[in-house]
Amino acid sequence: MNVNPITTSRIHSAIASASSATGVDFDYLLGQAKLESGLNASARASTSSATGLYQFIDQSWLSVVKKHGAEHGLSWAADAIQPGANGKLTVADGATKQAILGLRNDPSVASIMAAASASDNGQALQGTLGRAATGTDLYMAHFLGLGGATKFLTTMQANPSASGASLFPNAAAANGNVFYASDGSARSLSDIYSRFAAKLGSAASATGGVPSAGYRYASQALDTGDGATVVTGNGESATTALAWARGMTGQSAAQTNVASLFRPTPDTARLAYMMLASMGA
């Protein structure tokens, strides 16, 4: 899919800003957008209400804006979204509802909401899996929902050769190319997972010359005594990053709230920017 260079540049900038604001990996967000819409902010699905850069369906969009909109200057939208009689989220005023749903086509809003959703999913999955969530884990949560991703990942840990189609018949019926090979055989959970991991990686690299945001979540657990999780630069160890962060502040990781870099406070957001600058990103 060919995308106007100016539009692509704006999309890259929007994704980089969302990554810096939330701590969610730039390459993951870029790869997700590439897979979902081909970096087309106006993309619309033909079989569902999925729209925009990250192909949010109506209810998923209303849910994330309701939860995170106020944090990012969208209080008017978050306040307007309320549970309906059927339990689904709705907006009483039709024009306001269309305006909120239309925000899916704004790269900046779509990117920050996608990052906020990924952050929520990452924290929930980490608590369930007992390890840091990978980009592929996050994409599984986007693809199957948090409950579906939890079911997928925990089952895969116990039985990686289990059939994905048997575990998710409805999803398999709607996404046959994901759950079945070209010969019609059902793919295993580990095969589905590996294919998504490869697609995310190739999608991000296929954008051509786009720099990474310059940091990653530390994948190793650090015995710091204060429960810290730090972000690292490309090729930098988690221990080195933690030492650098402490040196910048002169405080413990707990005191500076380094653990919250996954969803930073204003102070730790500034620290993240300083880290990026120090590494030449």
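By class, the residues that line the largest cavity of this predicted model divide into 5 nonpolar and 4 polar, with no charged residues among them. The residues in question are Tyr28, Gln32, Phe56, Ala114, Ser117, Ala118, Asn121, Leu138 and His142, and the space that they enclose comes to about 60 Å³. Three helices each contribute at least two residues to this lining, namely helix H2 (26-37), helix H6 and helix H7 (135-158), and the largest share, 4 residues, is supplied by H6.

This cavity is one of 3 in the structure that reach 30 Å³ or more. The second largest cavity holds about 50 Å³ of space, and its lining is made up of Asn177, Val178, Arg187, Ile192, Arg195, Phe196 and Lys199. Two or more of these residues come from helix H10 (176-179), and two or more from helix H11 (189-205), with H11 giving the most, 4 residues. Sorted by class, the lining of the second largest cavity has 3 nonpolar residues, 1 polar residue and 3 charged residues, whereas the lining of the largest cavity has no charged residues.

A pocket, unlike a cavity, is open, and the largest pocket of the model contains about 1,000 Å³ of space. It is lined by 34 residues, of which Glu36, Gln55, His142, Phe143 and Leu144 are the closest to the centre of the pocket. One of these, His142, has already appeared in the lining of the largest cavity. Many helices take part in the lining of the pocket, since at least two residues come from each of H2, H3, H6, H7, helix H9 (169-174), H10 and H11, and H7 provides the largest share with 7 residues. Here the classes are mixed, with 16 nonpolar, 13 polar and 5 charged residues.

Which residues of helix H3 are buried? Within this helix, which covers residues 58-68, they are Trp61, Leu62, Val64, Val65 and His68. Together these buried residues pack against several other elements, which are helix H4 (75-80), strand S1 (81-83), strand S2 (89-91), helix H5 (94-102) and helix H6 (107-129).

The contact between H3 and H6 can be followed in detail. The axes of the two helices come within 10 Å and cross at roughly 80°, and because angles of 65 to 115 degrees count as roughly perpendicular, H3 and H6 are described as roughly perpendicular to each other. On the H3 side the residues that meet H6 are Trp61, Val64, Val65, Lys67 and His68, and on the H6 side their partners are Val109, Ala110, Met113, Ala116, Ser117 and Asp120. The residues of this contact divide into 7 nonpolar, 2 polar and 2 charged. Ser117 of H6 therefore has two roles in this description, as it belongs to the contact with H3 and also to the lining of the largest cavity.

The loop between H2 and H3 deserves a careful look at its backbone. Most residues other than glycine have a negative phi. Leu39, however, has a phi near 65°, a positive value in a residue that is not glycine, and its place is in the loop between H2 and H3. Is Leu39 buried or exposed? Its relative accessible area is 4%, and because buried means under 20%, Leu39 counts as buried. Gln55 is found in the loop between H2 and H3 as well, and its phi is also positive, at about 50°, although it is not a glycine. With a relative accessibility of 12%, Gln55 counts as buried too, and it is one of the residues closest to the centre of the largest pocket.

Another buried position is Gly164, which lies in helix H8 (residues 164-167) and has a relative accessible area of 0%. Leaving aside residues up to four places away in sequence, Gly164 touches Phe179, Arg187, Ser188, Leu189 and Ile192, and two of these, Arg187 and Ile192, belong to the lining of the second largest cavity. The C-alpha atoms of Gly164 and Ala186 are separated by 7.1 Å, although the two residues are 22 apart along the chain.

Finally, the whole chain can be considered. Its secondary structure comes to 14 helices and 4 strands, and 44% of its 281 residues count as buried. Among contacts between residues at least 6 apart in sequence, 56% join residues that are at least 24 apart.

Notes:
Residues numbered from 1 in each chain as written. Predicted model: local features only at pLDDT ≥ 70, side-chain atom pairs only at ≥ 80, totals over all residues. Heavy atoms only, no water. Buried < 20%, exposed > 50% of the residue type's maximum accessible area, 1.4 Å probe, protein only. Contact = heavy atoms within 4.5 Å. 1 Å grid on protein atoms, 1.4 Å probe; cavity = no way out; pocket = protein on both sides within 12 Å on 5 of 7 lines; lining within 4 Å. Points joined across faces, edges and corners; volume = space filled by probe spheres on them. Nonpolar A, V, L, I, M, F, W, Y, C, P; charged D, E, K, R; others polar. Axes fitted to C-alpha atoms, helices over the stretch in contact; angles between N-to-C directions. Parallel < 35°, antiparallel > 145°, perpendicular 65-115°, else oblique.
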